[in-house]
Amino acid sequence: MIRWINDNFKTGIAVFTLLAVFGCGHNSQKDWPDSFGYGKTASKADIIAKDIDVRPDGVGLPKGAGRIDTGALIFAEKCAMCHGVGGKLVKGQKLPAPALVSDTNFVKRKGNTVGNYWPYATTLFDYVRRSMPYNAPGSLTNQEVYDITAYLLYANGVIKKGATINAQTLPKVVMPARKYFVNDDRRGGNEVR
Amino acid sequence: MQGKKISRRSLLGGAAVATVALVQTSVGKVLQPIQTATPPEDPTKTVGPLPSKVGTRSPFENSVRKPSDISSRTPLQDMYSTITPADLHFERHHAGIPTIDPNKYELLIHGMVKRPMKFSLHDLKRFPAVTRTCFIECAGNFRTGKEDMTPQEILGLTSQSEWTGVMLSTLLREVGVDPKSTWFLAEGSDAAILTRSIPVSKAFDDAMIVYAQNGEAIRPAQGYPVRLLLPGWEGNTNVKWLRRLEFGDQPWMTREETSKYTYQVGEKVRQFSFEMDARSIIIYPSYPGKVEPGYIEIRGIAWSGRGKVNKVEVSTDGGKNWEIANLQEPVLSKAHTYFRYLWHWDGRQTEILSRVTDETGYIQPTLQQLKDARGPEMGGYHLNPITAWTVKRDGSVWLKPEEFKKL
């Protein structure tokens, strides 16, 4: 613990400088120790147990590869009851969950789906693994998530039959709507954006 | 034991507003108070209920949220001031409210930090604490289209609390964030394991890790035992049931910041739209209220995610003329601010409106101004238009509905 405080002394200074720059005026921190010493060091195991996120650069993707055909079967069995047959909106039928499949046409879209709106393919893997199926979250294996991801990208017309979806290729899939996404440009002041 | 206690209480009083019932217990029949909304002829002739462990609202008050499957709305029209009672705070969950054991709770902070750490609830409470009053508003907080809509139905997805917790910057001193880290991921422990990417600058500005709301532990629906508080930023980023913060050098592009909480502006899609722009609404008089000619104190709330409310103007002639309303002090940054304006109504049909200007000089727009700025494909998030109420000759008050289809 003591060694860590020494180690961390330089970082402490860096953080203090940042605080000064960003102006955190809530506490008078003059009398604060470098560290309060509350909390514990997290072990590798602590982190692995919770670190389930997948980034657009592919960091976090497990081993494995998606099979479109198998994904279609899993989707029919575990997802279609809420998201519709083939993930598609059926006219006159109200689904308990959003449609996931249409085409890759952003401009003419009638609703947002993976193919016409989602800017990153990695989001699909990350979200399905953490949240779906809604009635049994966290129940899918990594293999099943890969299969479903491959299937949904294929069904939306983003990838072709026979495409390989794995930790190397998924981050490289160029989503058709990606080019439309821009950062917020509102900044207060007398203008409406 | 129990019989003794009850009979002592029934001797000293303990009868509720009106009714005292004979209740069969294991030790015989005793008098027991029953809460009812039937008042006695003369309350000075009946001894009322004695002190109790937990209070309840008057049986005459029936403010309630308006729930749907995915959210519930605050009854803003019932608010006399700006703190939202915790049990009326709006809710928006993506997979229901998780039950989290406070004794097992842990917040993990890792990634681009010198020392990855985990903090128990007890640990978090030991750090120097801060209390701050601010609003939380959902980014999808706008409905219109019918005359018979209440403030709750139009924009009930905003509420205000006094939050207590530790500044996130205080915790970051402990873990030592790498100066190269630009974004962090905040993750909840609900069944959606909801995640959002947040710029690190917000962590060092005013982000808080909060465990208390209006002086008591946070309500389960608001993130018990711990939530992230990002004053002024869209509700979804204030991740509830917070379990993990990971520091990195790029956004994670989670579903909630790509598929959702993004919106079309012109030909493009606007992303990472964090600040809630300034907004106001008259909550009295409003639908379904009725007023009489003469003096009417117009009342409402105004707020901005970019700082303090600078001024609120009220128009009682459909937007031709604007007068300055009184702001209830203290005016807090990124907080609901109560305004009042005394109006003499002559009994003729008219429209009443409010318009806020915040400290950056931003003036609350009309829906038409937003459409003009964002184009015909304008999405449904971050809409903060002026709300107009029509006051008819019979004193009835109706929303002036506007045309808006959201994609």
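**Close-up 1. B:L245 sits in strand β15 of chain B.** In this predicted model, β15(B) covers residues 242-248, and B:L245 is one of them. Is B:L245 buried or exposed? With a relative accessibility of 0%, B:L245 counts as buried, because anything under 20% falls in that class. Leaving aside residues up to four places away in sequence, B:L245 touches B:L107, B:L108, B:I109 and B:H110, along with B:L168, B:F184, B:L185, B:A186 and B:I209. Then there's B:L228: 17 residues separate B:L228 from B:L245 in sequence, and their C-alpha atoms are 9.9 Å apart in space.

**Close-up 2. Strand β12 of chain B is mostly covered.** Here we look at residues 208-213, and six of the six are buried. One of the contacts of B:L245, B:I209, turns up again in this view, standing opposite B:V166. That pair belongs to the match between β12(B) and β9(B), residues 158-167, which run antiparallel over five bridges. Strands of a sheet pair through backbone hydrogen bonds, either parallel or antiparallel.

**Close-up 3. β12(B) also pairs with β14(B).** Which residue of β14(B) stands opposite B:M208? Look for B:L229. The two strands are joined by three bridges and run antiparallel, with β14(B) spanning residues 227-229.

**Close-up 4. A hairpin links β12(B) and β13(B).** Two bridges hold this antiparallel pair together, and β13(B) is made of residues 216-217. B:A212 has B:A217 as its bridge partner. Two residues lie between the strands, and in this hairpin B:N214 takes a positive phi near 50°.

**Close-up 5. Chains A and B share a three-stranded open sheet.** Follow the strands in the order β4(A)-β17(B)-β16(B), and you'll find that the pairing is mixed. Why is one side of β4(A) and of β16(B) left without a neighbour in the sheet? Both strands, 181-183 in chain A and 263-265 in chain B, stand at the edges with a single partner strand each, so one side of each has no neighbour there. From one strand to the next, the twist averages 50°.

**Close-up 6. β4(A) meets β17(B).** Zooming in on the pairing between the chains, we see β4(A) and β17(B) run parallel, joined by three bridges. The chain B strand here takes in residues 268-271. To find your way around, start from A:V182, which stands opposite B:R270.

How values were computed:
Residues numbered from 1 in each chain as written. Chains lettered and ligands numbered in written order. Predicted model: local features only at pLDDT ≥ 70, side-chain atom pairs only at ≥ 80, totals over all residues. Heavy atoms only, no water. Pairing = 2+ DSSP bridges. Helix = DSSP H or I, 4+ residues; strand = E, 2+ residues; numbered from the N terminus. Axes fitted to C-alpha atoms, helices over the stretch in contact; angles between N-to-C directions. Buried < 20%, exposed > 50% of the residue type's maximum accessible area, 1.4 Å probe, protein only. Contact = heavy atoms within 4.5 Å.
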